[in-house]
Every structure is written in structure tokens, then in C-alpha cells.
Amino acid sequence: TALEAAQARHRRGHLARPRGGRLSRFIVVGGGVAGLAAATRLAEAGREVVLLESTAAAGGRARSFVDRTTGDAIDNGQHALMGCYDELLGFLTRIGTRGSLWESELAIPLCDPFLADAGARTAEIRAPRLPAPLHFGAALLRYRHLSPGERLSALWAGDRLVRRFSRPATPDTTVAEALSSLRQSARARRALWDPLVSATLNADPERASARLLAAVVGRALLASREGSRFLLPALPLSELTVEPARKFLESRGGALRTRAAAAGLRIEGGRATGVAVGGDVVDAEAVVLAVPPAALRRLGVPGVDPDPSLERATPIVSVTLWLDRDPGGPPFLGLLGCETQWLFQVDRIHGGRRDASAGHRVACVRSGGEAWGDVPRSEIAETVVREVRRVLPGASDAVVRHHLVVTEHAATLSPEPALQALRPGVRTAL
């Protein structure tokens, strides 16, 4: 095997060394956000770190690339954050890009373009300046897409959801089943729960875990005002995370190596002491594996055998439109009853840092994108353009100069209830 060949070279004295000739002390395998965060945290703690990424560019499922037609840096999908993402925000603080986020208090505009009254089509879930959880309660009580009775019922259901499904002894179920047991109306599901589930769990309520939704409601909406803040990247994702992390590692004697696929681990005395890469073994004092389940299975680590069902993933489809004008409307907008679920005014969120002569960019997102799996990209784009023109005031006569459809086929692990208990912990027997 590749590992055995590399170990043979190691025994003959050929060791892979990072720049400067020093043996690496810690190796992190996988250059997605988790691997970048782990590597920079270790470097911050004074360790020598080599971060190995198998592809040509780090970033994993949160990266950017250059569109060939316009030359713009485009994210592989619009990512949204919340103030309760403590570890991720700590990572951005560590590498110096925490200030490169567009931020707002909890204020989420949702548009129902099918309402007869045009003036009532957009309503906000907007939190007043009250302490948690009163801020979210007050936001729901003023949400005009629900009747007063449905608002009170939704408040009660959110509290019951957290209390009931946060307890380990309570059997998990789907969000749809949980909401039915909590007597949520069809309108409440369409105008409140469905957008929340799609945005945070990337799946339809019929497939998503009620326990995961309870964690979202409890941590993101009820725990603190700061935790419910809404944050969006104001830089392309690779500029926000990958390049600053690379510089952080290099400034502390570490390295980020791309096109460096790990073939296996060297195990000695119950410890991981090296990683086979490109025909050599890179020595290590310890190893962190920050890779998806399928890649973890390929490494064949003794005692680490993730269930194959954990390889089931859910896609996200993103469509970027270049319009000949600013279409107006809020910086981001949720759509009710549409195939497109969220719109983001990228250039406004990025603070106008680019030359807009190529067009004003609107990023459009559909979570749980299996329904578009076999649909031609041209048809997807036509659907998105039609819906954007329906909900943004200045888009009806706008010219679409360019569009780009990107499908991240394995955007997130599937949030099915049955899979959550199968997810492994972070420590192994090694």
C-alpha cells in the first residue's frame, strides 16, 4: 500500500520536512474550515503545524473561486452565520478577519409574493432591544405573516420544542412530526418554520431532526441577544478564511500544503506518529483528522469506522445573477412559497469593494437542493430570474448580463434523526 511504501522510505531515512528542515510536531489532515481552525489554534498554542489538503485549494465547502466570464471572486455558496457560532467567530478573530463580516441585529425580512395585498407581502421578524429570550418573543409577536393566535402558538411551540427535544431521553423525530404534535398550522409552517429549517438544517421538515432544530432555537434564538445576531461574509470566503489562515500558520513556522493527499497513518505503540503523503511519511507528535466521513473511511484508521450512512449528504444550489442595475430591496430576503429560498445582495453586503461595471450581483440559494438535481442549469436560472423579478422592485426590467449556477452536492451531512446518534465523537482510542 502507499502507507507501507512510505514507511519503507522512512526506515531508509527519507523524511518529509516542512520549510526550514524542522520535523513537524502536529499534522492536521483536511483544509476545510474545521481543519483551518484546528491548525491555527494549535499554532496559536505554540505548536509546529503542517496542514494537509488533498485538493488544489483549501476551504472545503466554504471557499471561493474566480468566475471565468466576469473575473469576480464567487463563493461556492452563500454562507450565513449567527452570533452564537462561538468557535467559528473565535477562529476569525484569531486570523484577523472577524471585522470582515456584515452584521445586523435579528431582523429577517420574508416576502410572500403570492399575497393579493402588495403592501403586505414583506414582513420582518425583527427583535426590539430587550434581553433574551424576550427579544425573540417580541419579534414573533410582531410578525405580520402570522395571525395573533399563530404567533402565540409559535412562541409556545418554540419553548416546548427546546424543553422536550433537548433532553437526551426524549426520542428524536422529524421536524414535521414534532410541529404536528405541537399543533402548528400550515401557515405557521410555511411562513416561519420551513424557512428556519431550510436555512439552518438544509433539509425539508419531513427529513430534518427535531433535536437539531431544538438546538438551533435554543442556542441561536433564545439564549442571548448577541447569539441571535445575523452575520454575512463581506469578503469572498477564501479571502475571509483560507489566505489569512495560511499567513497565520506560516508566520508561526507552520505550513499549508495543497495537493497533499494523506494515504494513511503510521501507528506506533497505540499512537499516531506520522502521516503518509506523496510517497513519504511526515513525522508527527499528534494528528488531527478534519475530513468528511468518506475520506475518514479511506484512511483506514484502526478502531475508527464511521457508519457508511453518515456519508449521506444534502446539496445546496446557488445561482449568482449579474444584473445591469441595483434591484433595490433589503440586503437579504427570504422567499415564501418559491423554489428560490433566499436572496443576498452580494455587492451591497461586500460594501461596494468591486467595480460594478460587470453588473450588480444577487446570490440566490436553495437549500435541500435535491429537487433541482436533474433540472438543467438553464431552467434553474430561468426560475430564479423569474422569482427575483417578482420580489425585488427594481429587477422587473433589469437585464441579466450573466448567471452562474453552482451545486455543492455534499454541502452538509444529512440531518435525518436516525443519523445523529451515529456521528462519532472527536477522540479515538489512539
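This structure holds 2 cavities of 30 Å³ or more. Before I go on, please keep in mind that this is a predicted model.

I'll take the largest cavity to begin with. About 150 Å³ of space lies in it. Its lining is made of 13 residues, and the ones nearest the centre are I74, D75, T320, V346 and A363. Which elements give two or more residues to that lining? They are β5, residues 73–75, β16, residues 313–323, and β19, residues 360–367. The biggest share comes from β5, with 3 residues. Sorted by class, the lining of the largest cavity has 6 nonpolar, 5 polar and 2 charged residues.

Now the second largest cavity. The space in this one is about 30 Å³. Its lining consists of L310, R312, L413, S414, L419, Q420 and R423. Of these, 3 are nonpolar, 2 are polar and 2 are charged.

Next, a pocket. The second largest pocket has about 320 Å³ of space. It is lined by 17 residues, with D194, S198, D204, C338 and Q341 closest to its centre. Two elements to look for here are α7, residues 186–201, and β19, since each supplies at least two residues of this lining. You have met β19 already, in the lining of the largest cavity. Which element gives the most to the pocket lining? That is α7, with 4 residues. By class, the pocket lining divides into 7 nonpolar, 5 polar and 5 charged residues.

Last, a pair of helices. Please find α5, residues 148–165, and α8, residues 210–222. These two pack at an angle of about 120°, and their axes are 8 Å apart. How do we describe that angle? Roughly perpendicular covers 65 to 115 degrees, and roughly antiparallel starts over 145. The angle between α5 and α8 falls in neither range, so α5 counts as oblique to α8. The crossing of α5 past α8 is left-handed.

Which residues make the contact? From α5 they are G158, L161, V162 and F165. From α8 they are A210, R211, L213, A214, V217, G218 and L222. What classes do these residues belong to? In the contact of α5 with α8, 8 are nonpolar, 2 are polar and 1 is charged.

To recap the places to look at: the largest cavity, with I74 and D75 among the residues nearest its centre; the second largest cavity, with L310 and R312 among its lining residues; the second largest pocket, with α7 giving the most to its lining; and the left-handed crossing of α5 and α8.

Definitions and conventions:
Residues are numbered from 1 along each chain as its sequence is written. This is a predicted model: local features need pLDDT of at least 70, side-chain atom pairs count only at pLDDT 80 or more; totals for chains, interfaces and linings use all residues. Side-chain values use heavy atoms; hydrogens and water are left out. On a 1 Å grid over the protein atoms alone, a cavity is a set of points where a 1.4 Å probe fits but cannot get out, and a pocket is an open set with protein on both sides within 12 Å along at least five of seven lines; lining residues have an atom within 4 Å of a point. Grid points are joined across faces, edges and corners, and a volume is the space filled by probe spheres set on the points. Ala, Val, Leu, Ile, Met, Phe, Trp, Tyr, Cys and Pro count as nonpolar, Asp, Glu, Lys and Arg as charged, and the others, Gly among them, as polar. Axes are lines fitted to C-alpha atoms, for helices over the stretch in contact, and angles run from 0 to 180 degrees between N-to-C directions. Angles under 35 degrees count as roughly parallel, over 145 as roughly antiparallel, 65 to 115 as roughly perpendicular and the rest as oblique. A crossing is left-handed if the near helix is turned anticlockwise from the far one by less than a right angle, and right-handed if clockwise. Contact means heavy atoms within 4.5 Å.
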